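Q: Please take a close look at one part of this model, the contacts made by its ring side chains. Then connect that picture with the interior and with any unusual backbone geometry.

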Amino acid sequence: MLGLMQDWPLLMHRIIDHAALYHGRREVVSRSVEGPIHRTNYAQVAARARKVAQRLARDGVKQGDRVATLAWNTWRHLEAWYGITGIGAVYHTVNPRLFPDQIVWIVNDAEDRVIMVDLTFVPLLEQIQDRLPGVERFVILTDAAHMPQTTLRNATCYEEWIGAVDGDFAWAAFDENTAAGLCYTSGTTGSPKGVLYSHRSNVLHAMIACTSGMLGLASSDVVLPVVPMFHANAWSLGHSVPMAGAKLVLPGAKLDGASVHELIVGEGVTFSAGVPTVWFGLLAHLEATGADLGHMTRTVIGGSACPRAMSKAFKERYDVQVMHAWGMTEMSPLGTVCTLKPEVAGLEGDAYFDLMMKQGHSPFGVDMKITDDDGTELARDGKVFGRLKVRGPAVARRYFRHENEEILDADGYFDTGDVGTIDPNGYLQITDRAKDVIKSGGEWISSIDLENLAVAHPDVAEAAVIGVAHPKWDERPLLVIVPKKGALSDPSAVIDFMQGKIAKWWLPDAAVIVDEIPHTATGKIDKVTLRKRLADYRLPGF
Ligand code: ADP
(Lines give C-alpha, C1' and ligand atoms only; values in the text may rest on other atoms or scores of the structure.)
Protein backbone atom coordinates (compact mmCIF):
# COMPACT_ATOMS: atom_id res chain seq x y z
CA MET A 1 0.00 0.00 0.00
CA LEU A 2 1.37 3.40 -0.91
CA GLY A 3 1.17 6.44 1.34
CA LEU A 4 -1.30 9.13 0.46
CA MET A 5 0.90 12.19 0.68
CA GLN A 6 1.59 14.69 -2.07
CA ASP A 7 4.11 14.05 -4.77
CA TRP A 8 6.25 17.16 -4.54
CA PRO A 9 9.39 16.60 -6.61
CA LEU A 10 12.57 17.98 -5.07
CA LEU A 11 13.49 20.50 -7.77
CA MET A 12 16.09 23.24 -7.51
CA HIS A 13 13.78 26.10 -8.49
CA ARG A 14 11.66 25.38 -5.41
CA ILE A 15 14.62 26.66 -3.37
CA ILE A 16 14.86 30.03 -5.08
CA ASP A 17 11.06 30.38 -5.20
CA HIS A 18 10.93 29.74 -1.46
CA ALA A 19 13.63 32.34 -0.84
CA ALA A 20 11.82 34.86 -3.07
CA LEU A 21 8.41 34.30 -1.50
CA TYR A 22 9.29 34.03 2.17
CA HIS A 23 12.60 35.92 2.39
CA GLY A 24 12.23 38.09 -0.68
CA ARG A 25 13.78 41.25 0.70
CA ARG A 26 16.76 39.47 2.25
CA GLU A 27 19.85 40.94 0.66
CA VAL A 28 22.27 39.27 -1.70
CA VAL A 29 25.38 41.45 -1.58
CA SER A 30 28.31 40.91 -3.96
CA ARG A 31 31.66 42.43 -4.62
CA SER A 32 31.16 42.76 -8.36
CA VAL A 33 33.92 41.73 -10.73
CA GLU A 34 33.71 45.27 -12.13
CA GLY A 35 34.62 46.61 -8.67
CA PRO A 36 31.75 48.22 -6.70
CA ILE A 37 29.62 46.45 -4.10
CA HIS A 38 26.32 45.34 -5.66
CA ARG A 39 23.07 44.84 -3.72
CA THR A 40 20.04 42.82 -4.68
CA ASN A 41 17.66 40.42 -2.92
CA TYR A 42 16.15 36.97 -3.32
CA ALA A 43 12.99 38.30 -5.02
CA GLN A 44 15.08 39.93 -7.72
CA VAL A 45 17.50 37.01 -8.05
CA ALA A 46 14.56 34.64 -8.58
CA ALA A 47 12.95 36.98 -11.13
CA ARG A 48 16.19 37.31 -13.08
CA ALA A 49 16.85 33.55 -12.88
CA ARG A 50 13.53 33.12 -14.72
CA LYS A 51 14.84 35.44 -17.40
CA VAL A 52 17.99 33.32 -17.72
CA ALA A 53 15.78 30.23 -18.11
CA GLN A 54 13.52 31.95 -20.64
CA ARG A 55 16.47 33.21 -22.65
CA LEU A 56 18.23 29.84 -22.67
CA ALA A 57 15.03 28.19 -23.87
CA ARG A 58 14.67 30.84 -26.59
CA ASP A 59 18.28 30.14 -27.67
CA GLY A 60 17.37 26.48 -28.10
CA VAL A 61 19.03 25.06 -25.00
CA LYS A 62 17.18 21.90 -24.03
CA GLN A 63 16.72 19.70 -21.01
CA GLY A 64 19.96 17.82 -20.31
CA ASP A 65 22.18 20.28 -22.23
CA ARG A 66 25.23 21.51 -20.38
CA VAL A 67 25.85 25.22 -19.77
CA ALA A 68 29.25 26.00 -18.30
CA THR A 69 30.12 28.80 -15.90
CA LEU A 70 33.63 30.18 -15.44
CA ALA A 71 32.82 32.61 -12.72
CA TRP A 72 33.45 33.97 -9.23
CA ASN A 73 30.83 34.02 -6.50
CA THR A 74 28.42 36.81 -7.49
CA TRP A 75 24.66 37.34 -7.81
CA ARG A 76 24.85 36.76 -11.57
CA HIS A 77 26.49 33.36 -11.08
CA LEU A 78 23.70 32.48 -8.63
CA GLU A 79 20.99 33.57 -11.09
CA ALA A 80 22.71 31.49 -13.76
CA TRP A 81 22.60 28.33 -11.62
CA TYR A 82 18.87 28.60 -10.97
CA GLY A 83 18.06 29.75 -14.50
CA ILE A 84 19.96 26.87 -16.09
CA THR A 85 18.39 24.23 -13.85
CA GLY A 86 14.95 25.84 -14.22
CA ILE A 87 14.66 24.45 -17.77
CA GLY A 88 16.20 21.11 -16.84
CA ALA A 89 19.61 22.01 -18.29
CA VAL A 90 22.79 21.33 -16.32
CA TYR A 91 25.11 23.96 -14.83
CA HIS A 92 28.72 22.88 -15.26
CA THR A 93 31.03 24.78 -12.92
CA VAL A 94 34.51 24.98 -14.45
CA ASN A 95 37.40 25.74 -12.12
CA PRO A 96 39.26 28.62 -13.80
CA ARG A 97 42.40 27.81 -11.83
CA LEU A 98 42.92 24.67 -13.89
CA PHE A 99 45.52 24.69 -16.66
CA PRO A 100 44.06 25.79 -20.03
CA ASP A 101 44.61 22.27 -21.42
CA GLN A 102 42.55 20.81 -18.59
CA ILE A 103 39.76 23.34 -19.20
CA VAL A 104 39.71 22.38 -22.88
CA TRP A 105 39.49 18.72 -21.96
CA ILE A 106 36.71 19.23 -19.42
CA VAL A 107 34.54 21.53 -21.58
CA ASN A 108 34.80 19.11 -24.49
CA ASP A 109 34.08 16.09 -22.30
CA ALA A 110 31.00 17.85 -20.90
CA GLU A 111 29.96 19.01 -24.42
CA ASP A 112 29.05 22.42 -23.05
CA ARG A 113 26.87 24.37 -25.53
CA VAL A 114 27.12 27.75 -23.82
CA ILE A 115 29.77 29.23 -21.52
CA MET A 116 28.87 32.00 -19.09
CA VAL A 117 32.06 33.80 -18.18
CA ASP A 118 33.27 36.57 -15.90
CA LEU A 119 35.34 39.43 -17.34
CA THR A 120 38.41 38.03 -15.57
CA PHE A 121 38.43 34.89 -17.69
CA VAL A 122 37.60 36.30 -21.12
CA PRO A 123 41.29 36.43 -22.20
CA LEU A 124 41.74 32.81 -21.11
CA LEU A 125 38.79 31.66 -23.22
CA GLU A 126 39.88 33.76 -26.21
CA GLN A 127 43.09 31.74 -26.29
CA ILE A 128 41.41 28.35 -26.21
CA GLN A 129 38.09 28.92 -28.00
CA ASP A 130 39.35 27.35 -31.24
CA ARG A 131 39.77 24.12 -29.35
CA LEU A 132 36.18 24.29 -28.03
CA PRO A 133 34.22 23.63 -31.23
CA GLY A 134 31.01 22.60 -29.45
CA VAL A 135 30.53 25.92 -27.66
CA GLU A 136 27.99 27.96 -29.60
CA ARG A 137 27.86 31.09 -27.50
CA PHE A 138 29.78 32.96 -24.82
CA VAL A 139 27.70 35.02 -22.40
CA ILE A 140 29.84 37.58 -20.61
CA LEU A 141 28.63 38.19 -17.07
CA THR A 142 28.59 41.99 -17.16
CA ASP A 143 26.57 45.00 -18.30
CA ALA A 144 26.80 46.99 -21.55
CA ALA A 145 29.03 49.65 -20.00
CA HIS A 146 31.70 47.07 -19.14
CA MET A 147 31.40 44.86 -22.19
CA PRO A 148 34.93 44.27 -23.49
CA GLN A 149 36.17 44.11 -27.06
CA THR A 150 36.46 40.38 -27.59
CA THR A 151 37.14 37.82 -30.26
CA LEU A 152 34.92 35.24 -28.53
CA ARG A 153 32.38 33.95 -31.05
CA ASN A 154 28.78 34.99 -30.51
CA ALA A 155 29.83 36.95 -27.46
CA THR A 156 26.82 38.47 -25.71
CA CYS A 157 26.57 40.81 -22.77
CA TYR A 158 24.63 39.05 -19.96
CA GLU A 159 22.51 42.05 -18.99
CA GLU A 160 21.45 42.63 -22.60
CA TRP A 161 20.96 38.93 -23.16
CA ILE A 162 18.46 38.59 -20.30
CA GLY A 163 17.14 42.10 -20.97
CA ALA A 164 15.70 40.82 -24.25
CA VAL A 165 13.08 38.66 -22.51
CA ASP A 166 10.25 39.64 -20.15
CA GLY A 167 10.66 37.01 -17.43
CA ASP A 168 7.10 35.76 -17.87
CA PHE A 169 8.16 32.15 -17.80
CA ALA A 170 7.05 29.05 -15.93
CA TRP A 171 9.75 26.70 -14.68
CA ALA A 172 9.83 23.47 -16.64
CA ALA A 173 8.40 20.34 -15.00
CA PHE A 174 10.41 17.14 -14.87
CA ASP A 175 11.47 14.24 -12.68
CA GLU A 176 13.47 15.08 -9.55
CA ASN A 177 16.20 12.65 -10.63
CA THR A 178 16.95 14.87 -13.65
CA ALA A 179 20.58 16.04 -13.82
CA ALA A 180 21.12 19.54 -12.40
CA GLY A 181 24.86 20.16 -11.94
CA LEU A 182 28.18 18.85 -13.19
CA CYS A 183 31.51 19.27 -11.45
CA TYR A 184 34.77 17.56 -12.35
CA THR A 185 37.09 16.26 -9.67
CA SER A 186 40.47 17.87 -10.01
CA GLY A 187 42.01 14.68 -11.25
CA THR A 188 44.99 14.25 -8.97
CA THR A 189 44.77 10.66 -10.22
CA GLY A 190 44.07 10.02 -13.91
CA SER A 191 41.95 12.34 -16.03
CA PRO A 192 39.24 14.44 -14.36
CA LYS A 193 35.92 12.73 -13.78
CA GLY A 194 32.53 14.40 -13.91
CA VAL A 195 30.21 14.14 -10.92
CA LEU A 196 26.65 14.67 -12.09
CA TYR A 197 24.33 15.97 -9.36
CA SER A 198 20.56 15.65 -9.66
CA HIS A 199 17.84 18.05 -8.53
CA ARG A 200 16.92 15.56 -5.84
CA SER A 201 20.50 15.15 -4.57
CA ASN A 202 21.09 18.92 -4.52
CA VAL A 203 17.87 19.66 -2.63
CA LEU A 204 18.38 16.83 -0.14
CA HIS A 205 21.99 17.86 0.36
CA ALA A 206 20.95 21.45 1.05
CA MET A 207 18.35 20.26 3.58
CA ILE A 208 20.98 18.08 5.25
CA ALA A 209 23.44 21.01 5.30
CA CYS A 210 20.90 23.29 7.02
CA THR A 211 20.39 20.97 9.99
CA SER A 212 21.82 22.10 13.30
CA GLY A 213 24.35 19.27 13.65
CA MET A 214 25.75 20.33 10.27
CA LEU A 215 25.91 24.01 9.30
CA GLY A 216 22.87 25.01 11.35
CA LEU A 217 21.82 27.88 9.09
CA ALA A 218 19.00 30.26 10.08
CA SER A 219 17.38 33.23 8.34
CA SER A 220 19.07 35.46 10.92
CA ASP A 221 22.50 34.42 9.63
CA VAL A 222 24.62 36.47 7.26
CA VAL A 223 26.65 33.99 5.24
CA LEU A 224 29.85 34.66 3.32
CA PRO A 225 30.89 31.71 1.16
CA VAL A 226 34.55 32.37 0.41
CA VAL A 227 34.73 28.86 -1.00
CA PRO A 228 34.08 29.32 -4.73
CA MET A 229 30.90 28.14 -6.43
CA PHE A 230 33.20 26.25 -8.84
CA HIS A 231 34.52 24.22 -5.91
CA ALA A 232 31.97 21.45 -5.27
CA ASN A 233 28.78 23.55 -5.13
CA ALA A 234 30.41 26.05 -2.74
CA TRP A 235 29.90 23.37 -0.10
CA SER A 236 26.11 23.56 -0.62
CA LEU A 237 25.92 27.27 0.23
CA GLY A 238 24.46 28.34 -3.12
CA HIS A 239 21.52 26.07 -2.27
CA SER A 240 21.38 25.91 1.52
CA VAL A 241 21.64 29.68 2.20
CA PRO A 242 18.61 30.62 0.04
CA MET A 243 16.80 27.61 1.49
CA ALA A 244 17.40 28.99 5.00
CA GLY A 245 16.55 32.51 3.84
CA ALA A 246 19.79 33.93 5.22
CA LYS A 247 21.48 37.06 3.85
CA LEU A 248 24.14 36.08 1.34
CA VAL A 249 27.43 37.94 0.90
CA LEU A 250 29.47 37.00 -2.17
CA PRO A 251 33.15 37.98 -2.38
CA GLY A 252 33.59 38.11 -6.17
CA ALA A 253 37.20 37.95 -7.33
CA LYS A 254 38.86 39.40 -4.22
CA LEU A 255 39.74 36.73 -1.70
CA ASP A 256 42.68 38.44 0.05
CA GLY A 257 42.53 39.01 3.81
CA ALA A 258 41.76 42.75 3.66
CA SER A 259 38.91 42.39 1.11
CA VAL A 260 37.31 39.45 2.93
CA HIS A 261 37.60 41.31 6.23
CA GLU A 262 35.94 44.39 4.79
CA LEU A 263 32.89 42.32 3.82
CA ILE A 264 32.79 40.47 7.16
CA VAL A 265 32.66 43.67 9.18
CA GLY A 266 30.78 45.84 6.69
CA GLU A 267 27.96 43.37 6.04
CA GLY A 268 27.67 41.89 9.54
CA VAL A 269 28.71 38.39 8.49
CA THR A 270 27.94 35.73 11.13
CA PHE A 271 29.00 32.62 9.24
CA SER A 272 31.66 31.92 6.64
CA ALA A 273 33.31 29.01 4.88
CA GLY A 274 36.61 28.45 3.10
CA VAL A 275 39.80 26.44 2.75
CA PRO A 276 42.69 26.96 5.21
CA THR A 277 44.75 29.02 2.72
CA VAL A 278 42.11 31.78 2.68
CA TRP A 279 42.01 31.95 6.46
CA PHE A 280 45.81 32.18 6.68
CA GLY A 281 45.42 35.40 4.69
CA LEU A 282 42.61 36.73 6.89
CA LEU A 283 44.38 35.91 10.17
CA ALA A 284 47.58 37.59 8.94
CA HIS A 285 45.55 40.69 8.07
CA LEU A 286 43.92 40.75 11.51
CA GLU A 287 47.28 40.35 13.21
CA ALA A 288 48.80 43.17 11.18
CA THR A 289 45.91 45.61 11.71
CA GLY A 290 44.63 44.63 15.17
CA ALA A 291 41.10 44.38 13.73
CA ASP A 292 38.43 41.94 14.95
CA LEU A 293 35.76 39.85 13.21
CA GLY A 294 32.67 41.85 14.12
CA HIS A 295 29.57 39.66 14.44
CA MET A 296 31.14 36.49 13.06
CA THR A 297 30.53 33.48 15.32
CA ARG A 298 31.26 30.43 13.12
CA THR A 299 33.34 29.44 10.16
CA VAL A 300 33.51 26.18 8.27
CA ILE A 301 37.04 25.11 7.34
CA GLY A 302 37.63 22.15 5.07
CA GLY A 303 38.99 20.99 1.74
CA SER A 304 42.17 20.09 3.57
CA ALA A 305 42.94 19.60 7.24
CA CYS A 306 42.47 22.67 9.44
CA PRO A 307 45.67 23.24 11.43
CA ARG A 308 45.25 23.29 15.20
CA ALA A 309 46.90 26.72 15.44
CA MET A 310 44.19 28.11 13.13
CA SER A 311 41.34 26.63 15.13
CA LYS A 312 42.90 28.07 18.31
CA ALA A 313 43.50 31.52 16.85
CA PHE A 314 39.87 31.83 15.73
CA LYS A 315 38.51 30.64 19.06
CA GLU A 316 40.86 32.29 21.52
CA ARG A 317 41.55 35.60 19.79
CA TYR A 318 38.32 36.25 17.91
CA ASP A 319 35.71 34.08 19.66
CA VAL A 320 34.84 32.36 16.38
CA GLN A 321 34.03 28.66 16.45
CA VAL A 322 35.77 26.73 13.69
CA MET A 323 33.56 24.01 12.26
CA HIS A 324 36.03 21.58 10.76
CA ALA A 325 34.41 19.81 7.82
CA TRP A 326 35.27 17.01 5.46
CA GLY A 327 33.79 16.01 2.15
CA MET A 328 34.50 15.68 -1.52
CA THR A 329 33.07 16.54 -4.92
CA GLU A 330 31.54 13.06 -5.14
CA MET A 331 29.58 13.78 -1.93
CA SER A 332 27.96 17.06 -3.08
CA PRO A 333 30.34 17.67 -1.07
CA LEU A 334 29.60 17.69 2.69
CA GLY A 335 30.34 14.46 4.54
CA THR A 336 31.00 15.45 8.15
CA VAL A 337 31.09 18.61 10.25
CA CYS A 338 32.71 18.89 13.67
CA THR A 339 29.87 20.19 15.82
CA LEU A 340 29.46 19.20 19.47
CA LYS A 341 27.38 16.21 20.48
CA PRO A 342 26.33 16.02 24.17
CA GLU A 343 29.01 13.35 24.76
CA VAL A 344 31.76 15.90 24.10
CA ALA A 345 30.02 19.22 24.85
CA GLY A 346 31.92 19.77 28.10
CA LEU A 347 35.43 19.50 26.67
CA GLU A 348 37.78 22.37 27.37
CA GLY A 349 41.34 23.43 26.64
CA ASP A 350 43.54 20.94 24.82
CA ALA A 351 40.86 18.23 24.91
CA TYR A 352 38.50 20.59 23.05
CA PHE A 353 41.08 21.34 20.36
CA ASP A 354 41.93 17.62 20.09
CA LEU A 355 38.29 17.09 19.16
CA MET A 356 38.33 20.05 16.77
CA MET A 357 41.19 18.41 14.86
CA LYS A 358 38.71 15.70 13.93
CA GLN A 359 36.66 16.25 10.79
CA GLY A 360 33.38 15.66 12.63
CA HIS A 361 30.39 13.38 12.55
CA SER A 362 28.08 12.49 9.72
CA PRO A 363 24.49 13.72 9.48
CA PHE A 364 21.42 11.66 8.64
CA GLY A 365 21.96 10.97 4.96
CA VAL A 366 25.65 10.07 5.09
CA ASP A 367 26.56 6.51 6.15
CA MET A 368 30.26 5.94 6.82
CA LYS A 369 32.45 2.94 7.52
CA ILE A 370 36.17 2.13 7.51
CA THR A 371 37.53 -1.10 6.08
CA ASP A 372 40.84 -2.85 5.50
CA ASP A 373 42.14 -3.43 1.97
CA ASP A 374 39.94 -6.55 1.66
CA GLY A 375 36.77 -4.66 2.49
CA THR A 376 36.34 -6.03 6.03
CA GLU A 377 34.84 -3.41 8.30
CA LEU A 378 37.13 -2.12 11.08
CA ALA A 379 36.32 -1.08 14.65
CA ARG A 380 34.93 2.36 15.47
CA ASP A 381 37.38 2.80 18.33
CA GLY A 382 39.09 6.02 17.24
CA LYS A 383 42.39 4.14 16.91
CA VAL A 384 42.50 1.75 13.96
CA PHE A 385 42.49 3.44 10.63
CA GLY A 386 41.22 2.16 7.34
CA ARG A 387 39.77 3.07 3.98
CA LEU A 388 36.85 5.40 4.42
CA LYS A 389 33.66 4.47 2.52
CA VAL A 390 30.37 6.34 2.30
CA ARG A 391 26.85 6.07 0.92
CA GLY A 392 23.79 8.29 0.85
CA PRO A 393 21.31 10.14 -1.38
CA ALA A 394 23.83 12.85 -2.30
CA VAL A 395 26.81 10.53 -2.94
CA ALA A 396 27.86 9.67 -6.52
CA ARG A 397 26.68 6.34 -7.93
CA ARG A 398 28.60 6.53 -11.23
CA TYR A 399 30.81 9.06 -13.00
CA PHE A 400 29.55 11.01 -16.01
CA ARG A 401 30.40 9.13 -19.26
CA HIS A 402 31.59 6.16 -17.19
CA GLU A 403 28.10 4.83 -16.62
CA ASN A 404 29.23 1.23 -17.11
CA GLU A 405 31.95 1.35 -14.48
CA GLU A 406 30.97 0.15 -11.03
CA ILE A 407 32.33 2.43 -8.29
CA LEU A 408 30.37 1.09 -5.30
CA ASP A 409 30.96 -2.02 -3.18
CA ALA A 410 28.34 -4.74 -2.71
CA ASP A 411 26.63 -2.70 0.03
CA GLY A 412 26.49 0.45 -2.07
CA TYR A 413 29.45 2.22 -0.44
CA PHE A 414 31.78 4.52 -2.40
CA ASP A 415 35.50 4.37 -1.56
CA THR A 416 36.55 7.97 -0.83
CA GLY A 417 40.27 7.35 -1.29
CA ASP A 418 40.74 8.75 2.21
CA VAL A 419 42.02 6.90 5.23
CA GLY A 420 40.68 7.62 8.69
CA THR A 421 39.47 6.56 12.12
CA ILE A 422 35.93 6.73 13.51
CA ASP A 423 35.64 7.07 17.30
CA PRO A 424 32.91 5.57 19.53
CA ASN A 425 30.99 8.88 19.38
CA GLY A 426 31.01 8.72 15.57
CA TYR A 427 33.65 11.41 14.97
CA LEU A 428 35.78 10.86 11.89
CA GLN A 429 39.45 11.76 11.77
CA ILE A 430 41.12 11.75 8.38
CA THR A 431 44.64 10.42 8.72
CA ASP A 432 45.56 10.69 5.04
CA ARG A 433 44.75 10.16 1.40
CA ALA A 434 45.23 6.44 0.71
CA LYS A 435 47.89 7.30 -1.85
CA ASP A 436 49.77 9.74 0.43
CA VAL A 437 49.98 7.55 3.51
CA ILE A 438 53.60 6.58 4.21
CA LYS A 439 54.07 2.84 4.43
CA SER A 440 56.97 2.17 6.75
CA GLY A 441 57.79 -1.48 7.47
CA GLY A 442 54.18 -2.52 6.84
CA GLU A 443 52.78 0.15 9.20
CA TRP A 444 51.07 3.35 8.12
CA ILE A 445 52.23 6.86 9.00
CA SER A 446 49.86 9.80 8.49
CA SER A 447 51.42 12.60 6.46
CA ILE A 448 48.66 14.98 7.60
CA ASP A 449 49.49 14.50 11.29
CA LEU A 450 53.14 15.26 10.62
CA GLU A 451 52.29 18.34 8.54
CA ASN A 452 50.02 19.68 11.28
CA LEU A 453 52.78 19.30 13.83
CA ALA A 454 55.39 20.93 11.61
CA VAL A 455 53.29 24.04 10.88
CA ALA A 456 52.94 24.64 14.61
CA HIS A 457 56.67 25.54 14.62
CA PRO A 458 56.87 29.35 14.71
CA ASP A 459 59.33 29.60 11.79
CA VAL A 460 57.39 27.36 9.39
CA ALA A 461 55.08 28.95 6.81
CA GLU A 462 54.00 25.73 5.12
CA ALA A 463 54.99 22.06 5.36
CA ALA A 464 54.40 18.87 3.40
CA VAL A 465 55.42 15.31 4.15
CA ILE A 466 56.02 12.66 1.48
CA GLY A 467 57.32 9.12 1.59
CA VAL A 468 60.78 8.49 0.10
CA ALA A 469 62.32 5.12 -0.68
CA HIS A 470 64.17 3.38 2.13
CA PRO A 471 66.02 0.07 1.66
CA LYS A 472 64.90 -1.42 4.97
CA TRP A 473 61.51 0.17 5.70
CA ASP A 474 60.27 0.61 2.08
CA GLU A 475 59.33 4.22 2.75
CA ARG A 476 60.21 6.82 5.33
CA PRO A 477 58.78 10.33 5.81
CA LEU A 478 60.60 13.35 4.40
CA LEU A 479 59.58 16.76 5.72
CA VAL A 480 59.49 19.56 3.13
CA ILE A 481 59.39 23.07 4.56
CA VAL A 482 58.75 26.59 3.30
CA PRO A 483 60.15 28.77 6.11
CA LYS A 484 58.71 32.14 7.12
CA LYS A 485 60.69 35.02 5.62
CA GLY A 486 64.28 35.06 6.80
CA ALA A 487 63.71 32.40 9.45
CA LEU A 488 65.04 28.86 9.90
CA SER A 489 68.51 28.10 8.58
CA ASP A 490 68.53 24.51 9.85
CA PRO A 491 65.39 22.54 8.89
CA SER A 492 66.22 19.70 11.28
CA ALA A 493 65.22 22.07 14.11
CA VAL A 494 61.62 21.36 13.08
CA ILE A 495 62.14 17.61 13.53
CA ASP A 496 63.61 18.30 16.99
CA PHE A 497 60.50 20.36 17.72
CA MET A 498 58.30 17.39 16.79
CA GLN A 499 60.16 15.01 19.17
CA GLY A 500 58.00 13.75 22.02
CA LYS A 501 54.77 14.86 20.33
CA ILE A 502 54.33 11.71 18.23
CA ALA A 503 55.51 8.10 18.21
CA LYS A 504 59.28 8.01 17.68
CA TRP A 505 59.08 5.88 14.54
CA TRP A 506 56.77 8.49 12.93
CA LEU A 507 59.45 11.22 13.11
CA PRO A 508 60.62 12.28 9.61
CA ASP A 509 64.07 10.93 8.73
CA ALA A 510 65.09 14.24 7.18
CA ALA A 511 63.88 17.75 6.39
CA VAL A 512 64.54 19.96 3.38
CA ILE A 513 63.82 23.62 2.68
CA VAL A 514 62.13 24.65 -0.58
CA ASP A 515 61.02 28.02 -1.96
CA GLU A 516 57.54 26.86 -2.74
CA ILE A 517 55.24 23.88 -2.27
CA PRO A 518 53.07 23.19 -5.37
CA HIS A 519 49.27 23.35 -5.06
CA THR A 520 46.39 21.88 -7.06
CA ALA A 521 43.63 24.01 -8.59
CA THR A 522 41.53 23.45 -5.47
CA GLY A 523 44.31 24.75 -3.22
CA LYS A 524 45.57 21.45 -1.85
CA ILE A 525 49.21 20.43 -1.62
CA ASP A 526 50.03 18.78 -4.94
CA LYS A 527 51.94 15.74 -3.74
CA VAL A 528 52.23 14.19 -7.19
CA THR A 529 54.26 17.19 -8.40
CA LEU A 530 56.16 17.44 -5.14
CA ARG A 531 57.17 13.78 -5.33
CA LYS A 532 58.30 14.33 -8.94
CA ARG A 533 60.38 17.35 -7.94
CA LEU A 534 62.05 15.36 -5.20
CA ALA A 535 62.38 12.14 -7.20
CA ASP A 536 66.18 12.27 -7.03
CA TYR A 537 66.28 12.93 -3.33
CA ARG A 538 68.13 10.30 -1.28
CA LEU A 539 67.93 10.07 2.50
CA PRO A 540 71.25 10.85 4.22
CA GLY A 541 73.42 7.73 4.40
CA PHE A 542 71.88 6.00 1.36
P1 ADP B 1 39.68 16.80 -5.42
O2 ADP B 1 39.05 16.82 -6.75
O3 ADP B 1 41.00 17.50 -5.27
O4 ADP B 1 39.65 15.47 -4.73
P5 ADP B 1 37.68 17.61 -3.58
O6 ADP B 1 37.28 18.97 -3.20
O7 ADP B 1 36.64 16.67 -4.00
O8 ADP B 1 38.73 17.82 -4.68
O9 ADP B 1 38.60 17.03 -2.45
C10 ADP B 1 38.18 16.03 -1.59
C11 ADP B 1 39.34 15.58 -0.74
O12 ADP B 1 39.90 16.65 0.02
C13 ADP B 1 38.94 14.57 0.30
O14 ADP B 1 38.81 13.30 -0.25
C15 ADP B 1 40.06 14.70 1.30
O16 ADP B 1 41.20 13.96 0.91
C17 ADP B 1 40.40 16.16 1.26
N18 ADP B 1 39.76 16.86 2.38
C19 ADP B 1 38.63 17.57 2.35
N20 ADP B 1 38.36 18.09 3.55
C21 ADP B 1 39.35 17.70 4.38
C22 ADP B 1 39.66 17.91 5.78
N23 ADP B 1 38.89 18.65 6.55
N24 ADP B 1 40.78 17.34 6.26
C25 ADP B 1 41.58 16.59 5.49
N26 ADP B 1 41.36 16.36 4.18
C27 ADP B 1 40.26 16.91 3.63
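A: The charged end of lysine 501 sits over the ring of phenylalanine 497, at 3.7 Å from its centre; such a placement requires NZ of Lys or CZ of Arg to be within 6 Å of the ring centre and within 35 degrees of the ring normal. This is a predicted model, in which local features need pLDDT of at least 70 and side-chain atom pairs count only at pLDDT 80 or more, while totals for chains, interfaces and linings use all residues. Residues are numbered from 1 along each chain as its sequence is written, and side-chain values use heavy atoms, with hydrogens and water left out. Another lysine, lysine 193, lies over the face of tyrosine 399, 5.4 Å from the ring centre.

Turning to contacts between rings, a search of the whole structure gives 9 aromatic pairs, where rings of Phe, Tyr and Trp (its six-membered ring) pair if their centres lie within 6.5 Å, and planes under 30 degrees apart count as stacked, over 60 as edge-to-face and the rest as tilted. One of these joins tryptophan 72 and phenylalanine 121 in a tilted arrangement, with 5.3 Å from centre to centre and 40 degrees between the planes. Tryptophan 72 is in the loop between strand S3 (66–70) and helix H3 (75–85), whereas phenylalanine 121 is in the loop between strand S5 (112–117) and helix H5 (122–128), so the pair ties together parts that are 49 residues apart in sequence; helices (H or I, at least four residues) and strands (E, at least two) are DSSP runs numbered from the N terminus. Both tryptophan 72 and phenylalanine 121 are buried, a word that stands for under 20% relative accessible area, with exposed meaning over 50% and partly exposed the range in between (1.4 Å probe, protein chains only). The centres of the rings of tryptophan 505 and tryptophan 506 are 6.1 Å apart and their planes are at 80 degrees, so that pair is edge-to-face. Within it, tryptophan 505 is partly exposed at 38% relative accessible area, while tryptophan 506 counts as buried at 12%. Ring pairs also link Phe230 with Trp72 and Phe121 into a cluster.

Strand S3, which precedes the loop of tryptophan 72, is mostly covered, with 5 of its 5 residues buried. Arg66, Ala68 and Leu70 point one way from S3, and Val67 and Thr69 point the other way. S3 runs parallel to strand S4 (residues 90–93), to which 4 bridges join it; strands pair if DSSP finds at least two bridges between them. In this pairing, alanine 68 stands opposite histidine 92 of S4.

The wider interior comes next. The largest nonpolar core, a set of buried Ala, Val, Leu, Ile, Met, Phe, Trp, Tyr and Cys residues joined through side-chain atoms within 4.5 Å, has 115 residues, and those with the most contacts inside it include Met116, Leu125 and Trp279. Helix H2 (residues 42–58) supplies the largest share of this core, 7 residues. Leaving aside residues up to four places away in sequence, methionine 116 touches several residues of S3, among them Val67, Ala68, Thr69 and Leu70, as well as others including Tyr158 and Trp161; contact here means heavy atoms within 4.5 Å. A second, separate core of 20 residues includes Met368, Ile370, Ile422 and Leu428.

Helix H8 (residues 237–244) is also covered: 8 of its 8 residues are buried, so it is largely enclosed by the rest of the structure. The backbone on either side of H8 deserves a look. Alanine 234, in the loop between strand S10 (222–225) and H8, has a positive phi of about 50 degrees although it is not a glycine, and it is buried at 1% relative accessible area. Just after H8, glycine 245 takes a positive phi of about 75 degrees. Elsewhere, aspartate 474 in strand S24 (residues 474–483) has a positive phi near 75 degrees, and this residue is exposed at 53%. A cis peptide bond, with omega of about 15 degrees, joins serine 332 to proline 333, and proline 333 lies in the loop between strand S14 (321–327) and strand S15 (334–337).
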